[in-house]
Amino acid sequence: MTGYLAALTLVVLLGSVVTRVIQLRREGTQAMHFASMDKKDFLIPPFALFYFYTVFAAAFDWPLLSRHKLFESELVGWIGVGLCAGGLLMLILSLVSFGRSFRVGIDADNPDQLVTAGVFAFSRNPIYVGFALVLIGEFLVFPNWIPLAYLVVGCWLVHRQVLREEEFMRQHYGQQYAEYCRRVRRYL
């Protein structure tokens, strides 16, 4: 059961982001700016697809590269499901708080207002916190070296993107962003 719920988390997570991008496009906002600043970001989708396959293969007993478990605990699996649910909730609350300002990537040409309300009053990067919680949860549900590697690399990639976005925000929003940084932590 934990495996099915963990796989469902990925479907809902991806579906939420894609739905929001489509909604914004219909309203006239181009929200997809993935790899606009660094073309190496195009290397991410094939690895993401492999991750999705790995999770679904483990959940539905499809062929896998490795079935070796680093540990086995039903309780830890349920903790992982809880982290997945918490991460998904954080992502959805982030999408709601973002409103029309949501972008995938950095929109240097049409940046919107600085969002500091909702979950952004507690974390400057709640959507990335949500992604990290999901990655941790998926690893706890599927304790294999592949999800562990994705957790480590995923957190590194998220931090890399946060640093890029912070640089842009400092340049674009100036003192308003500096004051926001003094009040609210980067992650939690």
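Is Ser101 buried or exposed? Keep that one in mind; the tour ends there. Before you start clicking, note that this is a predicted model.

**Stop one: two helices**

Select residues 2–26, which make up helix α1, and then residues 44–60, which make up helix α2. Two packed helices are described by the angle between their axes and the distance between the axes. Here the angle is about 150°, and the axes of α1 and α2 are 8 Å apart. Angles over 145 degrees count as roughly antiparallel, so α1 and α2 are roughly antiparallel to each other. Turn the view until you look through one helix at the other: the crossing of α1 and α2 is left-handed.

**Stop two: where the helices meet**

Now show side chains. On the α1 side, pick Gly3, Tyr4, Ala7, Leu10, Val11 and Leu14. On the α2 side, pick Tyr51, Phe52, Val55, Phe56, Ala59 and Phe60, which the α1 residues meet. Colour this contact of α1 with α2 by class and you get 11 nonpolar residues, 1 polar residue and no charged ones.

**Stop three: the rings**

Keep Tyr4, Phe56 and Phe60 on screen, and add Tyr53 and Trp62: ring pairs link these five into a cluster. The structure as a whole holds 12 aromatic pairs. Zoom in on one of them, Phe60 with Trp62, which is stacked: the ring centres are 5.8 Å apart and the planes sit at 25° to each other. How accessible are these two partners? Phe60 has 37% relative accessibility and counts as partly exposed. Trp62 is partly exposed too, with a relative accessible area of 37%.

**Stop four: Asp61**

Next, click on Asp61. You are now in the loop between α2 and α3, the latter covering residues 74–98. Check the backbone here: Asp61 has a positive phi of about 60°, although it is not a glycine. Switch on a surface and look for Asp61 again; this residue is exposed, with a relative accessible area of 59%.

**Last stop: back to Ser101**

Finally, select Ser101, in the loop between α3 and β2, where β2 is residues 104–105. Here is the answer to the opening question: Ser101 counts as buried, at 15% relative accessibility. The cut-off for buried is under 20% relative accessible area. What does Ser101 touch, not counting residues up to four places away in sequence? Show Asp112, Gln113 and Val115, and you have the contacts of Ser101 beyond that stretch.

Notes: Residues are numbered from 1 along each chain as its sequence is written. This is a predicted model: local features need pLDDT of at least 70, side-chain atom pairs count only at pLDDT 80 or more; totals for chains, interfaces and linings use all residues. Side-chain values use heavy atoms; hydrogens and water are left out. Axes are lines fitted to C-alpha atoms, for helices over the stretch in contact, and angles run from 0 to 180 degrees between N-to-C directions. Helices (H or I, at least four residues) and strands (E, at least two) are DSSP runs, numbered from the N terminus. Angles under 35 degrees count as roughly parallel, over 145 as roughly antiparallel, 65 to 115 as roughly perpendicular and the rest as oblique. A crossing is left-handed if the near helix is turned anticlockwise from the far one by less than a right angle, and right-handed if clockwise. Contact means heavy atoms within 4.5 Å. Ala, Val, Leu, Ile, Met, Phe, Trp, Tyr, Cys and Pro count as nonpolar, Asp, Glu, Lys and Arg as charged, and the others, Gly among them, as polar. Rings of Phe, Tyr and Trp (its six-membered ring) pair if their centres lie within 6.5 Å; planes under 30 degrees apart count as stacked, over 60 as edge-to-face and the rest as tilted. Buried means under 20% relative accessible area, exposed over 50%, partly exposed in between (1.4 Å probe, protein chains only).
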